[in-house]
Amino acid sequence: MNIAIVGTGYVGLVSGTCFAEMGINVTCVDVDESKIDSLRKGIVPIYEPGLEEMVLRNSREGRLSFTTDLASVLDDVEVVFSAVGTPPDEDGSADLKYVLQVARTIGANMNKYVLVVTKSTVPVGTARKVKAAIREELDRRGVDIPFDVASNPEFLKEGAAIKDFMSPDRVVVGVESDKARGVMERLYKPFMMNNYRLIFTDIPSAEMIKYAANSMLATRISFMNDIANLCELVGADVNMVRKGIGSDSRIGSKFLYPGCGYGGSCFPKDVKALIRTAEGNGYPMRVLKAVEEVNECQKRVLFEKLSRHYGGALEGRTVALWGLAFKPETDDMREATALVTIDLLLKAGCEVRVFDPVAMDECRRRVGDSVTYASDMYDAALNADALLLLTEWKQFRLPSWGVLKRAMREPLILDGRNIYDKEELEEMGFKYYCIGK
């Protein structure tokens, strides 16, 4: 089976590589010539565990190729996935210009039946616009070539994307015809050998499922952060509260971990886009507006705890940050708490020393030389008046406390992910703050 995937960002490259791993012939398409040249040389532009090895293997074995010319592959493929970016517009709504550009290119160059599948996270109604754009181009050419559109939202967790794709807990596909359903069943059959997890819906429902899923997860995080902040005021321990409510089978324990705010490429963007979609249909998403507000405030929590500790006197102090990516196992800093924290610390007159296992180059690209880039986690803490943990990378979980205490000017730790033991650290002479305790 031959398919094309347009867009070699996170979703497109992971999806294309995993399809190729299952024996499908995949052509990845991108307008960025330098990115395509790099991929042809085996240079992967994003960090995702295991991805580089899979790209190299499938490229070498001829199942995965790269091009900048979508028109040149349309005669050879049965399915075209659109996995291009949908960045937030100025009002927070999803910008569909790249999605519609792909649709118009397909309509202007297709010569036989093709199934056009939207993989990008897009608002309800996008498939209708894609269909109209393709039809408009066909009418302009004066031809009547059959085609179908479908929606196949992705549910990939950065840091575990390959496992999520190769062994999905569900695959959601919105279709309008039996033929499209048959094609998608054949495409995903290799991934469904042990358990049938393919869910077919109408297209608007498939488009909504992605936004609703991410918004629910974001809601759970913000809810627990709200509870954590209240726990601090009333003397409760949020970790005990989390275990108590998570043991309820109706609630469950996932995404009930308080912290210093969520970030990344999905939750913030998708919450905003769903709010704007609702507003465009005359409905206010009151819960999601509160979710967004709580999260923005939560990204300031560690800075505010630090400021209170020093009575607002932060100017001239050295502050170390452990973790820059929005979560472990990725170099993605989109909407990361680290960006907010760095900005607040610099404005307060602090010297900021940072370390992250993989996101140092991304941080340098975003904030330049306004911070000091440490060679390792202990170098970051050298002469620091405080250490802020922002990302729970495994190597940060059990540091050498003796080395750390000797390196720091003052043994002060602010734990934004609640991974350390308060009593243990206080026994060793550290001052310790966390979330919700």
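Let's start with Ala320 in strand 9: its bridge partner in strand 12 is Leu387. Please keep in mind that what we have on the screen is a predicted model. Strand 12 covers residues 386-389, and strands 9 and 12 pair in the parallel sense over 4 bridges.

Now look at the other neighbour of strand 9. Strand 10, residues 351-355, runs parallel to strand 9 as well, and 5 bridges join the two. If you want a residue to click on, take Trp322, whose bridge partner in strand 10 is Phe355. And what lies between these two strands along the chain? Helix 13, residues 337-347, joins strand 9 and strand 10 in a right-handed β-α-β unit.

So how enclosed is strand 9? It runs from residue 318 to residue 322, and 5 of its 5 residues are buried, so the strand is largely enclosed by the rest of the structure. A quick reminder here: in a regular strand, side chains alternate between the two faces of the sheet. For strand 9, one side carries Thr318, Ala320 and Trp322, the other carries Val319 and Leu321, and all of these are buried, which leaves both faces covered.

Let's move on to the aromatic rings. How many aromatic pairs does the structure hold? There are 12. I picked two of them for today. In the first, Phe255 and Phe267 form a tilted pair, with 6.2 Å from centre to centre and 45° between the planes. That pair links distant parts of the chain: Phe255 is in the loop between helix 9 (238-246) and helix 10 (267-280), while Phe267 is in helix 10, and the two are 12 residues apart. Are these rings buried or exposed? Phe255 is partly exposed, at 31% relative accessible area, whereas Phe267 is buried, at 12%.

My second pair is Trp401 with Phe430, which is edge-to-face, at 5.6 Å centre to centre and 70° between the planes. Here, too, distant parts of the chain are linked: Trp401 belongs to helix 16 (residues 401-407), Phe430 to the loop between helix 17 (422-427) and strand 14 (431-433), and they are 29 residues apart. Trp401 is buried, with a relative accessible area of 9%, and Phe430 is buried too, at 4%.

There is also a cluster to find: ring pairs link Phe19, Phe81, Phe165, Tyr188 and Phe191.

While we are on rings, which charged residues sit over a ring? One of them is Lys179, whose charged end is over the ring of Tyr113, 3.7 Å from its centre. Another is Arg364, with its charged end over the ring of Tyr373, 4.2 Å from the centre.

Two last stops, both in helices. Ser215 is in helix 8, residues 203-234. With a relative accessibility of 3%, Ser215 counts as buried, because the cut-off for buried is under 20%. What does Ser215 touch, leaving aside residues up to four places away in sequence? Its contacts are Asp270, Val271, Leu274 and Leu288.

Finally, Ala290 is in helix 11, residues 286-298. Ala290 is partly exposed, with a relative accessible area of 38%. Where is Phe223 relative to Ala290? In sequence they are 67 residues apart, and in space their C-alpha atoms are 9.4 Å apart.

That's my tour, thanks for listening!

Definitions and conventions
Residues numbered from 1 in each chain as written. Predicted model: local features only at pLDDT ≥ 70, side-chain atom pairs only at ≥ 80, totals over all residues. Heavy atoms only, no water. Buried < 20%, exposed > 50% of the residue type's maximum accessible area, 1.4 Å probe, protein only. Pairing = 2+ DSSP bridges. Right-handed = clockwise from strand over helix to strand, strands pointing away. Phe/Tyr/Trp six-rings, centres within 6.5 Å; stacked < 30°, edge-to-face > 60°. Lys NZ or Arg CZ within 6 Å of the ring centre and 35° of its normal. Contact = heavy atoms within 4.5 Å.
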